[in-house]
Each structure stands twice: as C-alpha cells, then as structure tokens.
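Here are a few notes on the hollows in this one, jotted down while going through it. Have a look at the model alongside them.

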Amino acid sequence: METAAKQRLTPREYLDIERDAEIRSEFLDGEMFAMAGGTRRHSRIKVEVTRVLANRLSGGPCQVLDSDMRVKIEATGLYTYPDVSVACGNLRFEDEREDTLLNPKLIVEVLSDSTVAWDRREKFWHYRQIQSLLEYVLVSQDAVVEHYSRQSDTTWLLETIEGRNAILRLKSIKCSVPPAEIHEDDARTPTKRKPQHSTKRSLKR
C-alpha cells in the first residue's frame with residue numbers, strides 16, 4: 001500500500017509558523033523539529049554564560065544574544081536556536097524582522113543528556129559552514145568546557161578546559177572567562193583533574 005509523501009515546508013512557511021508558535025522548533029530539509037525544554041541547572045548555566053559575556057563585552061563592538069535569537073546556517077538551511085551567540089560589527093539578518101541572525105562569530109551550547117550527541121557532531125558540522133564563525137564552546141553541567149577554534153588551514157583546535165583555576169580564552173571577541181564563573185555551584189567543579197589541556201583534530205567543513 002502506498003503512503004502519501006509527507007509535505008515539506010519552505011523556509012518562508014517555516015518562519016511564518018514559527019513566529020506565531022508558542023513552542024520553538026528547529027528547521028531542516030523542509031521539516032520542523034520541536035525543541036525540548038531544559039532543566040533548572042541547564043537554564044542557570046545558560047543565563048550565567050550570557051551574563052558573564054555581556055558584562056565582558058559591554059560598550060564594545062560585539063553583541064551577546066540569548067537563545068531567543070534564531071540562527072540560520074545559509075549553506076545548509078538549518079534554522080536553530082543556540083544557547084548563546086555573539087556577533088560583532090554589522091549584524092546580518094535574514095530579513096527586516098531581525099530575528100534570524102546569519103553571521104555569529106561565537107556560539108555557545110550548554111550540554112544536556114538529550115542534546116550532547118547532536119551538539120558535538122551534526123550540529124557542529126552545520127555550524128562549521130558559517131563563514132563568520134570562529135569559535136564554538138560546549139559547556140557541560142559538571143564544569144568541563146570544550147573550546148573549538150577555527151584555524152587558518154580550516155581545521156579546528158579543540159581545547160578541553162577544566163579545574164578551578166582554568167581560563168577560557170576567547171580570542172575572536174578578546175575576552176577571558178574562568179569557567180567557575182558560569183557554574184551555579186562551583187563546589188562541584190572537579191579538582192583532581194589537570195587544569196587544562198589541548199588536542200588538535202582536523203575536521204572537514
């Protein structure tokens with residue numbers, strides 16, 4: 001028995017629906033994917049990341065945007081909502097509504113059990129197609145930070161940062177952040193691991 005093909009939406013149809021929706025959805029290849037809600041701890045870390053970066057960048061050329069700002073990856077067609085994004089200089093948007101950013105310089109995602117694989121793999125692949133993106137940061141809920149930075153040869157350098165005295169250095173926006181500042185309960189920060197280390201892996205665009 002034949003089944004009817006699922007009707008796919010155009011990006012414009014998605015935006016028309018999304019702008020009136022109560023629940024946010026990502027969009028890719030004609031399909032909408034409802035986003036799950038986060039835990040209290042996930043929400044608190046996301047708020048702290050936004051607050052710390054906004055304080056560091058206040059008065060400068062960069063703007064910190066929270067998860068209300070949708071980002072479109074033009075090369076792949078993915079529409080998504082990063083936990084935190086930073087854009088500098090002239091911000092580019094898809095249209096006059098200015099609710100879909102095209103040129104973030106930094107993206108931060110707070111990891112959760114339900115999104116960790118997507119954030120580390122497929123979603124990061126999409127993000128790497130953004131020409132303006134120079135850094136990608138994954139913040140775990142146990143105070144470990146994975147910092148990816150784009151290199152001149154198009155590879156990405158991964159630095160895993162952990163420990164009470166560790167520092168996250170964000171060269172693209174010229175600021176440094178101790179991960180302890182962005183965790184609600186830094187008493188849970190691991191202390192027996194090395195403060196930080198770096199490994200370099202080559203990732204295809």
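Which elements each supply at least two residues of the lining of the largest cavity?

1. That would be α2, β9 (135-139) and β12 (168-170). Bear in mind that this is a predicted model. Of these elements, α2 has the largest share of the cavity lining, with 3 residues.

2. On the cavity itself: the count comes to 1 cavity of 30 Å³ or more, and the volume of the largest is about 70 Å³. Its lining is made up of Val 49, Val 52, Leu 53, Val 108, Val 137, Val 139, Leu 168, Leu 170, Val 177 and Ile 182. By class, that gives 10 nonpolar residues, no polar and no charged.

3. Now the open sites. The largest pocket comes out at about 580 Å³ and has 28 lining residues, with Met 35, Ala 36, His 42, Asp 83 and Thr 115 nearest its centre. The lining is a mix: 10 nonpolar, 10 polar and 8 charged.

4. α2 turns up here too, giving the most to the lining of the largest pocket, again with 3 residues. At least two residues each come from β1 (25-28), β2 (31-34), α2 (40-57), β8 (106-110) and α3 (116-120).

5. The second largest pocket has a volume of about 240 Å³. Among its 14 lining residues, His 147, Ser 149, Leu 157, Arg 169 and Lys 171 lie nearest the centre. β10 (145-150) and β11 (156-161) each provide at least two of the lining residues, and the lining splits into 4 nonpolar, 5 polar and 5 charged.

How values were computed. Residues numbered from 1 in each chain as written. Predicted model: local features only at pLDDT ≥ 70, side-chain atom pairs only at ≥ 80, totals over all residues. Heavy atoms only, no water. 1 Å grid on protein atoms, 1.4 Å probe; cavity = no way out; pocket = protein on both sides within 12 Å on 5 of 7 lines; lining within 4 Å. Points joined across faces, edges and corners; volume = space filled by probe spheres on them. Helix = DSSP H or I, 4+ residues; strand = E, 2+ residues; numbered from the N terminus. Nonpolar A, V, L, I, M, F, W, Y, C, P; charged D, E, K, R; others polar.
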